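Take a moment with the fold before going into detail. We'll begin at one residue pair and work outwards from there.

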Amino acid sequence: MPAESLQTRNVAIIAHVDHGKTTMVDCILYQIGKYRTEQLDKLAGGQHGLVFDSNDLERERGITIFSKNCAVRFETGGLEYRVNLIDTPGHADFGGEVERVLMMADGCLLLVDAYEGPMPQTRFVLQKALALGLRPIVVVNKVDRPDARPDEVLTEVFDLLIDLGADDKTLDFPVVFASAKQGWASHTVGDRGTNIRPILETIIEHVPAPEVDPAAPVQMLVTTIDFSEYVGRIAIGRVFAGTLKNRQRVRVIDRHGVGRDQQISQLFTFEGLDRVPADHVEAGDLCAVVGLDPVNIGDTLADLEAPVALPPIHIDEPTLHMT
Ligand code: GDP
C-alpha cells in the first residue's frame, strides 16, 4: 500500500484524574500496531502505567517526548491509519492549555470510570471540547470493577451532555465499555472483549478525518512549545492547510500579525512515543518543528508567497503575552 494512503485521525483523550487515561494509552501503545518496542519497555521500566505522564522518567532515560502526544498505526478494513492520541490536562488549569491541545483534535474520547461516573473536571474539559465542535466517543472504563454501574454512568454522561447543551447528534454518542487494566474493550455492556481494538475501530469510524487541502498554501498552528537544550525551541502543532516540508522557509506570523521569515531545520511526525524525521507533513497531521526562534504558541507557520495567519487562539494566558 502506498504511503500516501495512510489516513489520519486526531483524537483528544479527556478524563478525570484516576479514571484510567494513562492505563488506556499504555494499553493501546502495547497492543496496537508497530509500537511494541524496546523503547516503550524501557520507558515504562517494565511496569505498566508510566508512559503517558512520565516526564521525569523521560528525562532520566534521555528519551525526548515532544509534548504528550503519541501515535499508533492501526489497520482495519484494508486501510492503514495513523491515530494521533492527544493528552488533555485533566484538571481545570489556568491559561487555556486545554483549549490549545483540543485544537489539534477532530474528536475526543471521553473516558469515564464505570463506578464514579463523570466528575466536575470531566465537565470542565468536555465543555471546552463541545465548544470547539468536537464530538465525544464515550468510553466507560473499569467495567471490571465489582462495583461498576455502567448503565447508570452512561445515563449520567447523557445528562451531563444535555446540561452542556449538546445537540442531538452529539447525544447519540458511540459507547465502548473497557477495562484498560485488563486490556480489553467491548461494544456491549456485560461482554468481556478480547483486546483493545474496539476503541481504535470506534475512533476510525466516528472521529472525522481531517478536512484537508494538501495543495493549498501551507498553514500550521503552533499549539505547544517544547524546549530542548540541544535544538532550542520546538514548535508542536497541526498543519491545517497545505504541506509543510523539511527545511522549508516559512513566515512565522505571531498573534499580532507580525511575520518573520525563518527556515525550518528539522521536521518531525509522531510515531508511538517517538518523533520521526519527516520529509513533509500534510494538512491534517500533527508535527514538531525545530529551528524556529522566535516562535510562540498561537503563531502560524505560513507560506512565503501567500502568508495567511490562522485565526488566533483566544486564550488569556500569561505566557502568551511574553515575547
Ligand atoms: P489517570 O489518572 O486517568 O491517568 O489514571 P491511571 O491510568 O493512572 O489509573 C488510575 C488507577 O486506576 C490506577 O490504579 C489504575 O491501575 C486503575 N485503573 C485504570 N484502568 C482500570 C481498569 O480498567 N480497571 C480497574 N479496576 N482499574 C483501573
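Start at I236, which sits opposite A288 in β16. Keep in mind that this is a predicted model. The pair belongs to a longer match: strand β9 (residues 232–241) and strand β16 (residues 286–290) run antiparallel and are joined by five bridges. Another of these partnerships links R238 to L286 in β16.

Now look at what β9 does with β8. Strand β8 (residues 219–228) pairs with β9 in the antiparallel sense too, over nine bridges, and V222 stands opposite G237 in β9. Getting from β8 to β9 takes a hairpin of three residues. As for cover, β9 is mostly out of reach of solvent, with eight of its ten residues buried.

Step back and you'll see that these strands are part of an open sheet of eight, ordered β12-β11-β17-β8-β9-β16-β13-β14 with antiparallel pairing. The edges belong to β12 (259–263) and β14 (274–277); each has a single partner strand, so one side of each is left without a neighbour in the sheet. Going from one strand to the next, the twist averages 40 degrees.

And the rest of the chain? Overall, the protein chain has eight helices and 17 strands. Of its 323 residues, 53% are buried. Among contacts with a separation of 6 or more, 69% come from residues 24 or more positions apart. On the outside, the protein chain exposes about 14,700 Å², and carbon and sulfur atoms supply 48% of that area.

Note on methods: Residues numbered from 1 in each chain as written. Predicted model: local features only at pLDDT ≥ 70, side-chain atom pairs only at ≥ 80, totals over all residues. Heavy atoms only, no water. Pairing = 2+ DSSP bridges. Helix = DSSP H or I, 4+ residues; strand = E, 2+ residues; numbered from the N terminus. Axes fitted to C-alpha atoms, helices over the stretch in contact; angles between N-to-C directions. Buried < 20%, exposed > 50% of the residue type's maximum accessible area, 1.4 Å probe, protein only. Contact = heavy atoms within 4.5 Å. Areas by Shrake-Rupley, 256 points an atom, 1.4 Å probe, with all protein chains shown as cover.
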